[in-house]
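Please look over the structure below. The report that follows walks through its ligand sites and a few selected side chains.

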There are 8 protein chains.
Amino acid sequence: NRIGIPEAILAEGKDKSDLLAISLAHLEETGSVIITRVSSEQLVVLRSAKLPPKSVFEHNPRARTVVIRSADRPAQAGRVAILAAGTADIPVAEEARVVAEEMGCQVLREYDVGVAGIHRLFPCLERMADADAFVVAAGREGTLPAVVAGLVNAPVIGLPVSTGYGIGGGGKAALYSMLQSCSVLTVVNVDAGFVAGAYAAKIARQKAHKEKQS
Amino acid sequence: NRIGIPEAILAEGKDKSDLLAISLAHLEETGSVIITRVSSEQLVVLRSAKLPPKSVFEHNPRARTVVIRSADRPAQAGRVAILAAGTADIPVAEEARVVAEEMGCQVLREYDVGVAGIHRLFPCLERMADADAFVVAAGREGTLPAVVAGLVNAPVIGLPVSTGYGIGGGGKAALYSMLQSCSVLTVVNVDAGFVAGAYAAKIARQKAHKEKQS
Amino acid sequence: NRIGIPEAILAEGKDKSDLLAISLAHLEETGSVIITRVSSEQLVVLRSAKLPPKSVFEHNPRARTVVIRSADRPAQAGRVAILAAGTADIPVAEEARVVAEEMGCQVLREYDVGVAGIHRLFPCLERMADADAFVVAAGREGTLPAVVAGLVNAPVIGLPVSTGYGIGGGGKAALYSMLQSCSVLTVVNVDAGFVAGAYAAKIARQKAHKEKQS
Amino acid sequence: NRIGIPEAILAEGKDKSDLLAISLAHLEETGSVIITRVSSEQLVVLRSAKLPPKSVFEHNPRARTVVIRSADRPAQAGRVAILAAGTADIPVAEEARVVAEEMGCQVLREYDVGVAGIHRLFPCLERMADADAFVVAAGREGTLPAVVAGLVNAPVIGLPVSTGYGIGGGGKAALYSMLQSCSVLTVVNVDAGFVAGAYAAKIARQKAHKEKQS
Amino acid sequence: NRIGIPEAILAEGKDKSDLLAISLAHLEETGSVIITRVSSEQLVVLRSAKLPPKSVFEHNPRARTVVIRSADRPAQAGRVAILAAGTADIPVAEEARVVAEEMGCQVLREYDVGVAGIHRLFPCLERMADADAFVVAAGREGTLPAVVAGLVNAPVIGLPVSTGYGIGGGGKAALYSMLQSCSVLTVVNVDAGFVAGAYAAKIARQKAHKEKQS
Amino acid sequence: NRIGIPEAILAEGKDKSDLLAISLAHLEETGSVIITRVSSEQLVVLRSAKLPPKSVFEHNPRARTVVIRSADRPAQAGRVAILAAGTADIPVAEEARVVAEEMGCQVLREYDVGVAGIHRLFPCLERMADADAFVVAAGREGTLPAVVAGLVNAPVIGLPVSTGYGIGGGGKAALYSMLQSCSVLTVVNVDAGFVAGAYAAKIARQKAHKEKQS
Amino acid sequence: NRIGIPEAILAEGKDKSDLLAISLAHLEETGSVIITRVSSEQLVVLRSAKLPPKSVFEHNPRARTVVIRSADRPAQAGRVAILAAGTADIPVAEEARVVAEEMGCQVLREYDVGVAGIHRLFPCLERMADADAFVVAAGREGTLPAVVAGLVNAPVIGLPVSTGYGIGGGGKAALYSMLQSCSVLTVVNVDAGFVAGAYAAKIARQKAHKEKQS
Amino acid sequence: NRIGIPEAILAEGKDKSDLLAISLAHLEETGSVIITRVSSEQLVVLRSAKLPPKSVFEHNPRARTVVIRSADRPAQAGRVAILAAGTADIPVAEEARVVAEEMGCQVLREYDVGVAGIHRLFPCLERMADADAFVVAAGREGTLPAVVAGLVNAPVIGLPVSTGYGIGGGGKAALYSMLQSCSVLTVVNVDAGFVAGAYAAKIARQKAHKEKQS
Ligand SMILES: Nc1ncnc2c1ncn2[C@@H]1O[C@H](COP(=O)(O)O)[C@@H](O)[C@H]1O
Ligand SMILES: Nc1ncnc2c1ncn2[C@@H]1O[C@H](COP(=O)(O)O)[C@@H](O)[C@H]1O
Ligand SMILES: Nc1ncnc2c1ncn2[C@@H]1O[C@H](COP(=O)(O)O)[C@@H](O)[C@H]1O
Ligand SMILES: Nc1ncnc2c1ncn2[C@@H]1O[C@H](COP(=O)(O)O)[C@@H](O)[C@H]1O
Ligand SMILES: [Mg+2]
Ligand SMILES: [Mg+2]
Ligand SMILES: [Mg+2]
Ligand SMILES: [Mg+2]
Ligand SMILES: [Mg+2]
Ligand SMILES: [Mg+2]
Ligand SMILES: [Mg+2]
Ligand SMILES: [Mg+2]
């Protein structure tokens, strides 16, 4: 892929055998494939596939992703920090992690920031001080990304999560409040962990590239 | 009024002379009247009214309220704290103040909290430590009420303000995020300074009443 | 918890074993935990937990809550009145009751007010005359909170319930009409019994505190 | 018109001279015309029209209607009751009155019901006891029609009015809550005084017709 | 019930045994009860109930209603016409029929009007010429009620049905277009067959009452 | 333009002098330009432009369009029928006409169809029997396009118009009901007369082209 | 059917035996029937039907359609091109194909255009150069129809597909962006493959008819 | 400002003299201030201000921004590319440019990309080959950002613009389609040129910083 995003397939809504066929085709063509939102039925079929020798098959049950790789990952290129406000945000945050790692980035994670309260946020951010880009996942009222964007120099990607019931639930309040935020940040769609992770890796990789060049 | 909320009239959309007539009727019946969302045209007519001797006429230009009073205000009864996240939130916050004072409360104000950053919030809250209820006005992403509710013991009323453009603008994101907040707080409608101020005064007054009884 | 809301966990969407682990951690740290929106599967796992000796395990099947307590509840502090307009509103009203009681309040309940017609409302409110705060649950058109707020001196929290089909169903009409109400009341999100109960208890407790002080 | 609704023209958005031409054409064809939502500019042009001799020209400034009639109104046929919850609802209620009277009905009005509180509603309804149909106009939370429908035997038409700011404002909360109401009532669109009045007259007239037949 | 609508219970969302208890209580109090939106599980429980001797138990599987009656129905009182645009609209139309009959009306039905094309509408309407009120059910774009209202003298109640996929589906387009209609008609909420039927019966009964009086 | 749609400029929101410059550039490049939604201020500037000799300047005040042409129109190519349901729909229908004529089509118009009632529709459609495509403009409930599509063989384009107040107003109900229609038709956006006219001309021209070829 | 659209039945939401009865009635009347959105249960019943001798029964599992035909299809009449942006769009595209073929059109298909990138679009369009109408199916952001409409002379029908999660998901973004497109195209509702296919065939057939006439 | 975004003030909705006071305060504190969405009235007041000696006052009339600077801009740090799809998108694109330049970036602009067609995009992107981040502004259907993100290696920020009428107008379709895009990109709110420009500069500056370090 000329712009360097790994081949990814959204499994949701795809027929099991179609999914397998497309996945193997991608794998053959490019040496790797990421499959997102994999159901347990689809997983069985993917596991049973006859892969090329020395292929790696990685299933992340929280992220509901499968990565198949016959070639090596790109070399380490940049650092991505991923924060999640609560337990419910972890699956989406993990989806972001899988793709960022697949793009060769080192990923730093902090998944219990919101629960622990703001006083726990500062040491987290210090541990992440040299990250090139931040993905911050948050559901319900979605405040965390704006707070982080007010505290770090690196670009922050707001990742709204479809938690919360009632009016503004399902990620809507989170997305709206990130779009209205007074902090400087950008957003992806609700639950779009794949996009957030790939975007962060794009930023990190580009910077890493420059460092190497010089 | 048997449940102790002062007579209030929403001037918006009312004919000038109708407004004057209703206002004077209320004044006569109860000894005071609050008129909200008064246009400059309506103000002229209200000012020209022949009031009972010793009446007080108070115009608050930021809140766009007029208070007319022929009797005394109720005696000091409770303390209400009002915070606003930014300059644009002041008119609505002031509307809340006018009604809370009219109900006999002492009002503590801090209107540049959001602008100043969270580090300025702590000294504000300390100055307001003995408030019986908090009204917290915030537009755009509307985060401040949830932050305050996580820090004070008294009940917090979230007051969304119709600022912000684009998706979630006009107070929608603010209202949604307050409703989705993990903090324990309640909300009133967008720009409903009157309701927020009267509700806070209800809480404060009831507590003051108990203090006096004992 | 320094602002006195008991530790609460929203079970919905949480993995069974994660839920158990978080619950026990909270219990250990603070001496009690409230778990809301518990599924029957989650309940089985919670019941099977090895609790500290002398712990109390309370399951409220209508509210779908579990309370686990190793320390005593706070002493009686204030009175909260909870009204529900109809049978469908009871689960949410009960969720409010559980948390208010856990915060040490005495709770007065009337759950068939709307069904019985307005003439039955007056004796209800008389029995509740000394309540410090009212939670009023109502679905469909959500009128009851405004009616109550027009009749009592204590603050009223409107609690919209997700009943009703068609346009405005699922609690939307109820929330909207509470926000538009001419009465002075505040609201929480649709089905947010936890927030309504905790907020009412905050008001009641604060008043009780003052009474004791004097 | 074979189904007995008088010719009516919605002036809003029509060119002045087009409006005049259409109005005169209707007048000539049927002996009368109702023009609704007339702007002051349009009024001037309508007033300046050369009408057939003995024509009646009636302008209702609150309703913003013009009625022109060269033939007599239909004979008295049925009784329509019109209630309005507040001052802001009067223009729309008046639009309903104009059309109902034009259809030959006797109209009973009560326009300050909501302001006066529910205790004033009972005497109003007693004075209207023999009405054949009720139009009940209400803005903001729009509760009044459901209350009336729970108290009278005749059919009630809910007429939501575009008052109220914030979420659910502009008549949306009123319409939604009427649609969700537990009472048996039907609704027309927000501000559709014309439709409500004509529908009530249809009911009243039909009944009157039967009375005469027998 | 003093305003003459029979006791009705919305079964949806109610616990089986609660439903049974409430139903029997209503039956005892008033001599009849209508239960709507009954699930097959709930039906089993209702069928197994020990009813008073000589009670009638009527299950309408299309309407998903159960009627239990220990007293006689009111005497024949008025005629209600019910039209449905297509097969998918029949359940809702039948719900309307059940309640109208329970209120003592004679019901005339035509359920394949829309499918057959407008040329089939005219003979239908002729057969229904002496109806006192029309209920017209229609899903998708919901045109039929406006067409009927343009052709008959009696009042027409538009009953939107939750058919149709995509934007405007689920009854939204139907409701909106009935509200926007140039014809004079009123509407009830989507799928609210009960309300439509009871309202039509209210009109019909009132007229019949007058006929009898004279 | 290789796919044969004439150059068109949406004037709305454009600076006067920018508009003039772009218009002249288009005119020079292609020999003609259509400018839509022209304000009266913009018109003055366009009129004052120095055009190439023999240019034609056509202003259609109802459609608010300006056409400038230095070359000849394409030869007569196909027939487009345009219907409008009411007076308020004419400006949008005229916008469609201007572009269809500019693309070389003969346009047949009927603009008072809806007002006149369905019995007047049949003779209209007979006069339009040999049209290659129909544009049917309708506001409020937007029924007319579906009716026409059920009666003619040629393809029908539904053109919703932004009339109507209240819920579903501004063209929303019209668009939704066209999308939900049981008839086979396609739609363009609300008020998009330009798109509807150009699309109809595309169909008509293509057919005319085939006729000529053979 | 006088306007030449084949009889079609939406199976969704219909009772199995009702569906069978209606289908056979249509078949008998017109010699063919198309049944769309057929569930596997309904399919079993349809398969078991006793059809007239020499009837053809065609099940398209991707499109979820059943066609039953006792008469011959109309003779070849025009060419329809159908494009789909991705795998998820195929079922809806196939539904369009089934109806277009049933109306006698030759259908050209390209179903992996979006996945392959724009460079693959050009050869596709060349193979489809003589198509009389294009149906272009696209989910998520729905860009493909506008791109195609900018490249071909024949009319393009945008067919939004209900893929995509988060805000704008379920086909909403696709429909909105087609309606906002700067290209000249028309749209049908989300997932309305039947309407798109029938409309394209209407265009194609009409043109073919003209070719034959000459 | 410790995270390096220049002080910016949203003039919209602010009182003239308040605006002036806040602006001068910021200027004094930090040596520069950006004021966005400045009305012509506000501009007059700002122009009349007594600035510190050697201050620079820059008004960008298209962007409606005012920059006042008493200190030097940061040194050149990174390259930001800004593309706009059409003339209507220029004001928002310019707002992005002003802030990016103020943050020390070199800005490359191409503002007529969408109008010129995709074939003109390639040379644009070549001229911008070494940009560190792209801001792509687009209204109506908002396609351009996804196209660019599919062609360049640097991160792309989608900037929806509030153009377009009808359903999906005002930037909604643009925002939705960017959120649904299969390309990897992030978005800011509708018309949020300031946020887009500042975010791009954050990326560019960070990369430039790394280059210098090495
Ligand atoms: N979870 C995901 N969320 C958003 N986009 C995704 C996701 N997974 C894959 N994609 C993207 O969606 C594109 C289309 O997916 P597909 O439908 O599999 O062809 C892929 O090329 C990915 O760029
Ligand atoms: N600014 C305001 N916002 C919300 N409610 C108000 C406001 N001002 C007055 N009210 C309330 O609205 C009620 C009805 O107002 P009116 O339309 O004047 O009868 C008053 O009794 C007040 O309780
Ligand atoms: N039913 C509920 N509704 C709303 N908030 C709740 C509910 N149950 C718990 N919470 C709150 O949600 C917060 C976050 O929950 P958790 O996702 O478990 O970390 C808790 O601290 C509670 O304050
Ligand atoms: N204020 C109104 N609200 C709703 N419908 C109206 C109103 N005034 C007139 N109408 C109806 O709208 C139809 C179309 O009006 P017109 O646009 O004047 O042809 C008339 O025949 C009336 O039945
Ligand atoms: Mg969160
Ligand atoms: Mg704010
Ligand atoms: Mg209720
Ligand atoms: Mg009202
Ligand atoms: Mg229908
Ligand atoms: Mg119309
Ligand atoms: Mg797609
Ligand atoms: Mg654009």
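This report covers two ligand sites, then aromatic pairs, charges over rings, and one helix and one loop residue.

**Ligand 1**

The model is predicted. Ligand 1 sits between chains A, G and H. Its shell holds A:Ala8, A:Ile9, A:Leu10, A:Lys14, A:Thr36, A:Glu95 and A:Phe194 from chain A, together with G:Arg140, G:Tyr165 and H:Cys182. By type, the shell residues split into 6 nonpolar, 1 polar and 3 charged. Strand 1 of chain A, residues 8-10, supplies the largest share, 3 residues.

The polar atoms of chain A come next. An oxygen atom of ligand 1 has a polar side-chain atom of A:Lys14 at 2.9 Å. A backbone N or O atom of A:Leu10 is 3.2 Å from an oxygen atom of the ligand. On the nitrogen side, a nitrogen atom of ligand 1 lies 3.2 Å from a side-chain N or O atom of A:Glu95. Alone, ligand 1 exposes 490 Å², and the protein buries 81% of that.

**Ligand 2**

Ligand 2 lies between chains B, C and D. Chain B contributes B:Ala8, B:Ile9, B:Leu10, B:Lys14, B:Thr36, B:Glu95 and B:Phe194 to its surroundings; C:Cys182, D:Arg140 and D:Tyr165 complete the list. The shell divides into 6 nonpolar residues, 1 polar and 3 charged. Strand 1 of chain B, residues 8-10, gives the most, with 3 residues.

The polar contacts listed here for ligand 2 involve chains B and D.

| Protein partner | Ligand 2 atom | Distance |
|---|---|---|
| B:Ala8, polar backbone atom | oxygen | 3.4 Å |
| D:Arg140, polar side-chain atom | oxygen | 3.0 Å |
| D:Tyr165, side-chain N or O atom | nitrogen | 2.2 Å |

On its own, ligand 2 has 500 Å² of accessible area, of which the protein covers 82%.

**Aromatic pairs**

Over all chains, the count is 4 aromatic pairs. One of them is C:Tyr176 with D:Tyr176, which is stacked, at 5.9 Å centre to centre and 10 degrees between the planes. C:Tyr176 belongs to helix 7 (residues 172-180) of chain C and D:Tyr176 to helix 7 (residues 172-180) of chain D, so this pair joins two chains. Both tyrosines, C:Tyr176 and D:Tyr176, are buried.

Why does the pair of E:Tyr176 and F:Tyr176 count as stacked? The ring centres are 5.9 Å apart and the planes meet at 10 degrees, so the pair is stacked; the cut-off for stacking is under 30 degrees. E:Tyr176 lies in helix 7 (residues 172-180) of chain E and F:Tyr176 in helix 7 (residues 172-180) of chain F, so this pair too joins two chains. E:Tyr176 and F:Tyr176 are buried.

**Charges over rings**

A:Arg37 lies over the face of G:Tyr165, 3.6 Å from the ring centre. G:Tyr165 is also one of the residues around ligand 1. H:Arg37 lies over the face of B:Tyr165, at 3.6 Å from the ring centre.

**Helix 7 of chain F and a loop serine**

How many of the 9 residues of helix 7 of chain F are buried? The number is 8, so the helix is largely enclosed by the rest of the structure. Among the buried residues are F:Ala173, F:Leu175, F:Tyr176, F:Met178 and F:Gln180.

D:Ser183 sits in the loop between helix 7 and strand 9 (186-187) of chain D. Is D:Ser183 buried or exposed? Its relative accessibility is 18%, so D:Ser183 counts as buried; the limit is under 20%. The side chain of D:Ser183 reaches the backbone oxygen of D:Ala146 at 2.8 Å.

Technical notes:
Residues numbered from 1 in each chain as written. Chains lettered and ligands numbered in written order. Predicted model: local features only at pLDDT ≥ 70, side-chain atom pairs only at ≥ 80, totals over all residues. Heavy atoms only, no water. Near = heavy atom within 4 Å. Polar contact = N/O pair within 3.5 Å; in protein donor to acceptor, adjacent residues only side chain to side chain. Areas by Shrake-Rupley, 256 points an atom, 1.4 Å probe, with all protein chains shown as cover. Helix = DSSP H or I, 4+ residues; strand = E, 2+ residues; numbered from the N terminus. Nonpolar A, V, L, I, M, F, W, Y, C, P; charged D, E, K, R; others polar. Phe/Tyr/Trp six-rings, centres within 6.5 Å; stacked < 30°, edge-to-face > 60°. Buried < 20%, exposed > 50% of the residue type's maximum accessible area, 1.4 Å probe, protein only. Lys NZ or Arg CZ within 6 Å of the ring centre and 35° of its normal.
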